[in-house]
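I opened this model to practise reading a fold step by step. These are my notes, written in the order in which I looked things up.

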Amino acid sequence: MSSSSSITVKGCYTVTPMEPTWNGYLPLTEFDQIDITSYAPLLFYYRPPRNWLTPPTKIAATLKESLSRVLIHFYPFAGRLRSTDNNRFELECNAKGVQFIEAAESTSSALSDLGDFSCSNNYCSYLFPQVDYTLPIPDRPLLIVQLTHFKCGDISISLLLSHVITDGQSATHFIDEWARVARGESLKRVPFLDRNILRNKEPCNGVNEWKFAKPPLLLENSESNLDERKKKTTVAIIQLSKAQIERLRKISNESWNKSSNERSYTIYETITGHIWRSACKARGLKIDQPTVFGIVVNFKSRVKPSLPKTYFGNAIVNVVATSLAGDLMSKPLGYASSRIKEAIEKVNDEYVRLTLTEYIKKDYDRTKIRYDTVPPFYRNPNLGAVSLMMFSFANFDFGWGKELYVIPGIHIIREGETFILPSSQVDGSLVLLICLQEIYMNAFKRHFNEGVVELDSLSKL
């Protein structure tokens with residue numbers, strides 16, 4: 001046994017598919033190739049009934065046995081990546097298995113002792129598996145699970161999922177089916193594993209005329225401005241109630257002219273518009289300063305034909321909304337939301353095909369794609385936001401009841417980046433985690449909260 005902080009590791013196991021699975025190399029699409037080799041972390045917190053607490057091995061045995069069963073269908077997780085020429089990846093399906101860690105937390109009686117959304121601090125990182133990045137890529141498992149027992153009988157289940165082989169929707173599908181199998185039920189939705197459905201897309205006509213929106217240079221017109229990068233950053237946690245969100249959305253939809261057949265702005269478009277405007281004000285940007293907002297869009301239903309809902313792999317693309325800072329600051333909230341909406345609606349079958357053929361495939365060095373093109377989306381004068389609101393509807397019952405919390409483990413957050421999370425209260429409220437340079441954070445919170453407070457005041461008139 002080993003320990004770190006108050007976590008004691010009781011055992012480390014390899015879980016392989018219960019039955020033989022297909023062996024060979026599964027092609028990865030270009031959209032898989034752009035992700036870095038780190039993991040997407042998730043944590044689920046449960047309060048099992050007493051009948052699940054004896055014998056002490058009951059929960060771990062259930063999780064390992066059901067994981068072995070579900071890997072029969074989700075066998076890519078049991079494989080390994082290997083790097084080829086130009087830093088491209090191949091996925092070898094070899095049934096080497098996933099890692100399962102059992103641990104105990106010895107000081108806190110419950111996760112609630114650590115504070116709401118405590119995964120933003122260093123302590124909660126110990127509830128996640130520790131990855132040995134010194135291992136060669138072919139030796140690293142693509143899924144690592146840690147079951148942690150608390151003194152009170154509560155448990156947490158944390159997962160690290162390779163972002164190279166799965167996006168958020170695919171990961172959610174996997175966890176949902178794993179929980180179903182753990183409850184003793186049959187698989188409901190078999191994953192669609194044939195990635196040739198994306199690899200075989202041919203370019204459209206007019207490809208040579210396609211121009212992609214690129215983020216403007218960072219302040220002082222330098223993409224590698226080390227002085228800007230060295231400035232100290234800080235993370236703020238901002239809560240928005242369901243009532244505040246609804247009023248903010250109402251103002252957004254009423255404050256900017258739309259044609260009668262246009263849809264309303266979504267919650268995401270409303271909140272990100274407010275974040276964008278507030279950050280421009282807080283940063284004191286000049287009115288003629290170009291700025292972009294980076295958005296991650298899932299395109300499963302936006303291509304023709306649509307990808308199967310059970311498609312297992314990455315089906316996401318980055319887009320950017322553009323504006324002058326002066327327009328964002330002087331015009332109503334609905335203008336900012338309209339710029340976000342326009343960028344999202346740009347993602348259609350043609351956009352996905354052209355992204356694939358003209359932007360990604362032409363850049364044969366994967367290292368450049370993975371590390372050089374993403375950070376400018378998030379640094380001053382730019383921003384970006386990742387929505388994790390889908391976990392508002394999570395219900396991962398492994399047999400001992402629905403989770404009390406679903407917490408993304410956000411240990412690294414870049415300047416200008418925001419995560420939009422469901423509140424642990426599960427009442428329609430949201431939590432924002434935003435990272436900005438420290439010198440701008442107080443001003444950002446003031447501008448952001450002023451808009452929300454004004455709405456609260458208006459509702460009382």
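**Cysteines**

I began with C93, which is buried because its relative accessible area is 2%, under the 20% that serves as the cut-off. I kept in mind from the start that this is a predicted model. I then looked up C435, and at 1% relative accessibility C435 also counts as buried. When I searched for disulfides, I found that the structure holds zero of them.

**The three-strand sheet**

C93 led me to strand β6, which covers residues 89-93. I asked myself in what order the strands of this open sheet are arranged. The order is β3-β6-β5, with antiparallel pairing, and the edge strands are β3 (24-26) and β5 (80-83), each of which pairs on one side only. Neighbouring strands here are turned against each other by 40° on average, if direction is ignored. Looking at one pairing in detail, I noted that β5 and β6 are joined in the antiparallel sense over four bridges, and that S83 stands opposite F89 in β6.

**The six-strand sheet**

C435 led me to strand β16, which spans residues 430-437. I found β16 in an open sheet of six strands, ordered β10-β16-β15-β13-β11-β12, in which the pairing is mixed. At the edges stand β10 (233-240) and β12, each with a single partner strand, so one side of each is left without a neighbour in the sheet. The twist from one strand to the next averages 20°. I followed the pairing of β10 with β16, which is antiparallel and runs over eight bridges, and the bridge partner of T234 turned out to be L436 in β16. Finally I noticed that helix α9 (residues 333-345) lies across β11 and β12, running at about 145° to β12.

**Strand β8 and its partners**

Next I asked how many residues of β8 (residues 143-149) are buried. The answer is seven of its seven residues, and both faces are covered, with L143, V145, L147 and H149 on one side and I144, Q146 and T148 on the other. I reminded myself that strands of a sheet pair through backbone hydrogen bonds, either parallel or antiparallel. Strand β7 (residues 98-105) pairs with β8 in the parallel sense over six bridges, and Q99 stands opposite I144. With strand β9 (residues 155-162), by contrast, β8 runs antiparallel, and seven bridges join them; here V145 has L159 as its bridge partner. β8 and β9 form a hairpin with five residues between them, and G153 in that turn has a positive phi of about 105°.

**Helix α6**

I then turned to helix α6 (residues 242-254), whose 13 residues reach 18 Å from the first C-alpha to the last, close to the 18 Å expected. Its buried residues include Q244, I245, L248, S252 and N253. Seen down the axis of α6, the buried residues fall within an arc of 160°, so they line one face of the helix. That reminded me of a general rule: an α-helix has 3.6 residues a turn, so residues three or four places apart point the same way.

**A loop residue**

My last entry concerns K309, and I asked whether K309 counts as buried or exposed. K309 lies in the loop between β11 (290-298) and β12 (316-324), and at 75% relative accessibility K309 counts as exposed, because the cut-off for that word is over 50%. Leaving aside residues up to four places away in sequence, K309 touches R189 and K300. I also noted that the C-alpha atoms of K309 and S170 are separated by 8.9 Å, although these residues are 139 residues apart along the chain.

Definitions and conventions: Residues numbered from 1 in each chain as written. Predicted model: local features only at pLDDT ≥ 70, side-chain atom pairs only at ≥ 80, totals over all residues. Heavy atoms only, no water. Helix = DSSP H or I, 4+ residues; strand = E, 2+ residues; numbered from the N terminus. Buried < 20%, exposed > 50% of the residue type's maximum accessible area, 1.4 Å probe, protein only. Contact = heavy atoms within 4.5 Å. Expected span 1.5 Å × (residues − 1). Arc of directions from axis to C-beta. Pairing = 2+ DSSP bridges. Disulfide = S-S within 2.5 Å. Axes fitted to C-alpha atoms, helices over the stretch in contact; angles between N-to-C directions.
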